[in-house]
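Here is a short briefing for a reader who is new to this structure. Please look over the sequence and the model first, then go through the points topic by topic.

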Amino acid sequence: MGAVPRDRGAQGPRRCFAAATARLAAAKQRLLAFLARRGYAYGGTTPAGNPRRYWTYDFLRWLDKVRPADDGGIRALAALRSEVEAADETREALLAEYRAAVAAGPLSAEVEALQSIKGCGFALAAAFASEVGDFSRFRSGRQVTSYFGLAPKQRSSADSVRLGGISGTGNALVRRLAVEGSWCYAQAGHQPKLMPKGSGVPLEVRMHGRKGSERLLRRREEMLERGMPQAKANAATAAELVRWLWALGTMCREATE
């Protein structure tokens with residue numbers, strides 16, 4: 001079988017979805033900045049001891065109780081909340097269009113397969129598969145890591161080699177989504193990721209995704225036990241995550257040939 005082309009038909013919806021995601025993030029940031037200026041802080045921890053996360057159901061319930069003392073503050077808060085809600089609705093509509101475009105494209109099976117590993121949702125799976133296109137063009141996971149700018153920079157002098165931060169080359173969207181997805185391992189458990197009912201992903205691919213999730217979780221725990229900073233451990237997790245994505249995509253392609 002010939003090389004699989006990149007999914008050009010999904011590039012337009014992908015760009016629109018990425019722009020909508022950025023607008024939503026900016027709207028949320030403006031709302032949080034307003035709350036901070038007014039002295040409203042959503043803090044504390046969950047019963048499990050983890051920091052409470054923003055934009056959850058509990059956060060929105062807390063936000064409903066925020067009552068600025070002045071009319072200007074009340075109107076500003078209402079306007080900022082409306083902006084977030086409108087941006088979220090637009091993003092969801094564009095996400096539906098993006099999903100439909102990917103489902104009708106040549107990489108739909110790979111996109112579904114990549115989501116069998118923790119930390120990889122639809123957005124990362126679709127962006128990664130579209131950028132890679134033909135999974136056979138990489139010969140090793142190290143090449144994939146370098147291609148997406150997640151390999152550490154090297155500085156050599158005499159007989160020593162020093163490793164620095166990630167190179168930051170390649171597709172910035174995939175790199176950002178991989179880093180964001182890797183943060184899920186900070187609170188992930190060891191239970192397997194459940195795939196939607198009726199998933200067409202081959203069993204061997206799903207089992208390999210579970211193996212990858214366990215591997216990434218153990219590796220991150222080991223790095224933190226050695227005293228590695230959270231951000232550095234997360235970058236290393238993201239680098240290994242893209243290697244697993246390439247492996248899953250390759251397995252899926254071979255299984256469907």
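Ala78 sits in helix α3. The model is predicted, and α3 is where its confidence is highest, at a mean of 96. The points below start from this helix and move on to the salt bridges, the cores, helix α5, the largest pocket and the confidence of the model.

**Helix α3 and its link to α1**

- Ala78 is partly exposed, because its relative accessibility is 42%.
- Leu31 lies 47 residues from Ala78 in sequence. In space, the two C-alpha atoms are 9.7 Å apart.
- Glu83 pairs with Arg30 in a salt bridge, at 2.4 Å from N to O.
- This bridge joins distant parts of the chain. Glu83 belongs to helix α3 and Arg30 to helix α1 (residues 11-37), and 53 residues separate them.
- Both partners are partly exposed: Glu83 has a relative accessible area of 30%, and Arg30 has one of 40%.

**Other salt bridges**

- How many salt bridges does the structure hold? There are nine.
- In general, side chains of opposite charge can pair when their charged atoms come close.
- Glu92 bridges to Arg91, with 3.5 Å between the closest N and O atoms. Glu92 is partly exposed, at a relative accessible area of 40%.
- Arg218 and Glu214 form another bridge, at 3.6 Å from N to O. They are about one helical turn apart, because four residues separate them in helix α8.
- Arg218 is partly exposed at 40% relative accessibility. Glu214 is also partly exposed, at 24%.

**The network around Glu240**

- Which residues are linked with Glu240 in a network of salt bridges? They are Arg215 and Arg219.
- Glu240 is located in helix α9.
- Is Glu240 buried or exposed? Glu240 is buried, because its relative accessible area is 7%, and the cut-off for buried is under 20%.
- Beyond four places in sequence, Glu240 is in contact with Arg215, Leu216 and Arg219.

**The nonpolar cores**

- The largest nonpolar core has 43 residues. Leu114, Ile117, Leu124, Phe128 and Leu245 have the most contacts inside this core.
- Six elements give two or more residues to this core: α3 (71-103), α4 (108-114), α5 (122-132), α7 (172-182), α8 (203-225) and α9 (230-256).
- Which element gives the most to this core? Helix α9 does, with ten residues.
- Leu245 touches several other residues beyond four places in sequence. Its contacts are Leu114, Ile117, Cys120, Leu124, Phe128 and Phe135.
- A second, separate core has 13 residues. Among them are Leu24, Tyr42, Leu63 and Leu77.

**Helix α5**

- Helix α5 is mostly covered, with ten of its eleven residues buried.
- The buried residues include Phe122, Leu124, Phe128 and Val132. Ser130 and Glu131 are buried too, as are Ala125, Ala126, Ala127 and Ala129.
- What do the buried residues of α5 pack against? They pack against α1, α3, α4, α6 (141-147), α7 and α9.
- Just after α5 comes Gly133, which takes a positive phi of about 70°.

**The largest pocket**

- The largest pocket holds about 1300 Å³ of space.
- Its lining has 41 residues. Lys28, Arg53, Trp55, Arg91 and Glu180 are the closest to its centre.
- Which elements give two or more residues to this lining? They are α1, α2 (57-64), α3, α5 and α7.
- Arg91 thus appears at two sites: by the pocket centre and in the salt bridge with Glu92.

**Confidence**

- The chain has a mean pLDDT of 86. A pLDDT of 70 or more is reached by 87% of its residues.
- Where is confidence lowest? Strand β2 (residues 160-166) has the lowest confidence, at a mean of 47.
- Over residues 160-164, pLDDT stays under 50. The model has twelve contacts for this stretch beyond four places in sequence.
- Where pLDDT is low, the predicted coordinates should not be read in detail.

Note on methods. Residues are numbered from 1 along each chain as its sequence is written. This is a predicted model: local features need pLDDT of at least 70, side-chain atom pairs count only at pLDDT 80 or more; totals for chains, interfaces and linings use all residues. Side-chain values use heavy atoms; hydrogens and water are left out. A nonpolar core is a set of buried Ala, Val, Leu, Ile, Met, Phe, Trp, Tyr and Cys residues joined through side-chain atoms within 4.5 Å. Buried means under 20% relative accessible area, exposed over 50%, partly exposed in between (1.4 Å probe, protein chains only). Contact means heavy atoms within 4.5 Å. A salt bridge is a side-chain nitrogen of Lys or Arg within 4 Å of a carboxyl oxygen of Asp or Glu. pLDDT is the predictor's confidence in each residue, from 0 to 100. On a 1 Å grid over the protein atoms alone, a cavity is a set of points where a 1.4 Å probe fits but cannot get out, and a pocket is an open set with protein on both sides within 12 Å along at least five of seven lines; lining residues have an atom within 4 Å of a point. Grid points are joined across faces, edges and corners, and a volume is the space filled by probe spheres set on the points.
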